[in-house]
Amino acid sequence: MITNSQISNIGKLVKPHGVNGEIVVTIDCDIDLSTVKCIIINIDGINIPFFISSIRPRGKESYLIIIDGINNETDAAYFACLLFGVLADCVRNDKFSKKC
């Protein structure tokens, strides 16, 4: 089980984008999100890993991502307004350009 102490929160899933399951995300740190394979989302008190299948920039401070298994607007809407993180070890190992 992934504990809260193992996670560094880095951003927020903002809203669905389009009808194919893309989600707008904003990032709170100077992170190259393309290096992240898995994000952690706390749902009902349980930290659940989700794998990113597609990512593209949307302006300077946001991205459009597709999470494996999310392929329509209805499923993507479930994740709107949720915070997400990555495993803290990824941040401590300098995979990112700035600490969160």
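Two strands are taken to pair if DSSP finds at least two bridges between them. With that in hand, the overall layout of this predicted model is easy to follow. The protein has six strands and two helices, and from the N terminus onward its elements follow the order β-β-β-β-β-α-β-α. The six strands form a closed barrel in the order 1-2-5-4-3-6, and their pairing is antiparallel. From one strand to the next, the twist averages 45 degrees.

A good place to look at this pairing is the meeting of strand 2 with strand 5, which run antiparallel and are joined by four bridges. Here Val24 has Leu64 of strand 5 as its bridge partner. In general, strands of a sheet pair through backbone hydrogen bonds, in either a parallel or an antiparallel manner.

The barrel strands also contribute to the nonpolar interior. The largest nonpolar core contains 22 residues, and Leu13, Ile39 and Ile65 have the most contacts inside it. At least two residues of this core come from each of strand 1 (7-17), strand 2 (22-27), strand 3 (38-43), strand 4 (46-58), strand 5 (62-67) and strand 6 (82-87). Ile65 gives a helpful view of these surroundings: leaving aside residues up to four places away in sequence, Ile65 touches Leu13, Gly21, Glu22, Ile23, Val25, Leu33, Ile39, Ile52, Ser54 and Ile55. As a general tendency, nonpolar side chains in soluble globular proteins are buried together.

Aromatic residues add another detail to the picture. Two aromatic pairs are present in the structure. In one of them, Phe50 and Phe79 meet edge-to-face, with 5.2 Å from centre to centre and 85 degrees between the planes. This pair links distant parts of the chain, since Phe50 belongs to strand 4 and Phe79 to the loop between helix 1 (73-77) and strand 6, 29 residues apart. The rings of Tyr78 and Phe79 also form an edge-to-face pair, because their planes stand at 90 degrees, with the centres 5.3 Å apart. Together, Phe50, Tyr78 and Phe79 make up one aromatic cluster. Both Phe50 and Phe79 are buried; Phe79 counts as such because its relative accessibility is 5%, against a cut-off of under 20%.

Some totals complete the view of the protein. Of its 100 residues, 38% are buried. The exposed surface comes to about 6,000 Å², of which carbon and sulfur atoms supply 51%. Among contacts with a separation of 6 or more, 62% involve residues 24 or more positions apart.

Terms used:
Residues are numbered from 1 along each chain as its sequence is written. This is a predicted model: local features need pLDDT of at least 70, side-chain atom pairs count only at pLDDT 80 or more; totals for chains, interfaces and linings use all residues. Side-chain values use heavy atoms; hydrogens and water are left out. A nonpolar core is a set of buried Ala, Val, Leu, Ile, Met, Phe, Trp, Tyr and Cys residues joined through side-chain atoms within 4.5 Å. Buried means under 20% relative accessible area, exposed over 50%, partly exposed in between (1.4 Å probe, protein chains only). Contact means heavy atoms within 4.5 Å. Axes are lines fitted to C-alpha atoms, for helices over the stretch in contact, and angles run from 0 to 180 degrees between N-to-C directions. Accessible areas come from the Shrake-Rupley method with a 1.4 Å probe; for residues, only the protein chains shown count as cover. Rings of Phe, Tyr and Trp (its six-membered ring) pair if their centres lie within 6.5 Å; planes under 30 degrees apart count as stacked, over 60 as edge-to-face and the rest as tilted.
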